[in-house]
Amino acid sequence: QVQMVESGGGFVQVGGSLRLSCEASGSTFSINRMSWYRQAPGKQRELVAAITKGGSTNYADSVKGRFAISRDNAKNTVYLHMYILKPEDTAVYYCYGETGYFAYWGQGTQVTVSS
């Protein structure tokens, strides 16, 4: 029905920036909200940011002011712009798409912030 594929993860230094992308395919017309979650080893998966089809956003307090979520509906893609990265941001980042009936996870992309 819907597939979510993340890209853009990698290694970055403290204070650096990175942009994650998640492209949805399939019945993308039905996706209302798209989100980014992250999970560090031994920790629970947590919501980082979310955006509705209409453009409303919300962020975790830990990333507010440093991260920005956006979406390009024409490209069926959601982005996560990450700035002033900290070691605590190191995690696997997952894209999550929600319809009125189902939800879909991406495979995850690793972000590692060193030093």
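Where does Tyr83 lie? I looked this up before anything else. I found Tyr83 in the loop between β8 and β9. A reminder to myself: this is a predicted model.

**Entry: Tyr83 and its surroundings**

I checked how open Tyr83 is to the outside. Its relative accessible area is 41%, so I wrote it down as partly exposed. Then I listed what Tyr83 touches, leaving out residues up to four places away in sequence. The contacts are Gly16, Ser17, Arg66 and Phe67. I also looked up the spacing between Tyr83 and Arg19. Along the chain they are 64 residues apart, yet their C-alpha atoms are separated by 8.7 Å.

**Entry: phi angles in two loops**

Next I went looking for odd backbone angles. Most residues other than glycine have a negative phi, so a positive one is worth a note. Which value did I find for the phi of Ile84? It is near 50°, and Ile84 is not a glycine. Ile84 sits in the loop between β8 and β9, and Tyr83 is in that loop too.

I noted a second case at Asn76. Its phi is near 55°, again positive in a residue other than glycine. I placed Asn76 in the loop that runs between β7 (67-72) and β8 (77-82). Is Asn76 buried or exposed, or somewhere in between? It is partly exposed, because its relative accessible area is 28%.

**Entry: aromatic rings**

How many aromatic pairs does the structure hold? I got 4. One of them is Tyr37 with Trp105, an edge-to-face pair with 5.1 Å from centre to centre and 65° between the planes. Tyr37 belongs to strand β4 (residues 33-39) and Trp105 to strand β10 (residues 103-105), so this pair ties together parts that are 68 residues apart in sequence.

I looked up accessibility for both partners. Tyr37 has 15% relative accessibility, so it counts as buried. Trp105 has 39%, so it counts as partly exposed.

Trp105 came up again with Tyr94. These two form an edge-to-face pair as well, with centres 6.2 Å apart and 85° between the planes. Tyr94 is in strand β9 and Trp105 in strand β10, 11 residues apart, and the pair links distant parts of the chain. Tyr94 is buried, because its relative accessible area is 15%.

Which residues do the ring pairs link into a cluster? My list reads Tyr37, Tyr94, Tyr96 and Trp105.

**Entry: Arg45 over the rings**

I then turned to Arg45 and the rings it covers. Arg45 lies over the face of Tyr94, at 3.8 Å from the ring centre. Its charged end also sits over the ring of Trp105, 4.6 Å from the centre of that ring. I drew both in my sketch of the cluster, since Tyr94 and Trp105 belong to it.

**Entry: salt bridges**

How many salt bridges are there? The count comes to 5. I followed up a few of them.

I started with Arg33 and Glu98, whose side chains meet at 2.7 Å, N to O. Arg33 is in strand β4 and Glu98 in strand β9, so I had to go 65 residues along the chain to get from one to the other, and the pair links distant parts. Arg33 has 24% relative accessibility and so counts as partly exposed. Glu98 is partly exposed as well, because its relative accessible area is 21%.

I looked at Asp61 and Lys64 next. Their side chains form a salt bridge at 3.4 Å, N to O. I noted that Asp61 is exposed, and so is Lys64.

My last bridge was Glu46 with Arg38, at 2.8 Å, N to O. Which partner is buried, and which is partly exposed? Arg38 has 6% relative accessibility, so it is the buried one. Glu46 has 35%, so it counts as partly exposed. I also traced a network here: salt bridges that share partners join Arg38, Glu46, Arg66 and Asp89. Arg66 was already in my notes, as one of the residues that Tyr83 touches.

Terms used: Residues numbered from 1 in each chain as written. Predicted model: local features only at pLDDT ≥ 70, side-chain atom pairs only at ≥ 80, totals over all residues. Heavy atoms only, no water. Helix = DSSP H or I, 4+ residues; strand = E, 2+ residues; numbered from the N terminus. Buried < 20%, exposed > 50% of the residue type's maximum accessible area, 1.4 Å probe, protein only. Contact = heavy atoms within 4.5 Å. Phe/Tyr/Trp six-rings, centres within 6.5 Å; stacked < 30°, edge-to-face > 60°. Lys NZ or Arg CZ within 6 Å of the ring centre and 35° of its normal. Salt bridge = Lys/Arg side-chain N within 4 Å of Asp/Glu carboxyl O.
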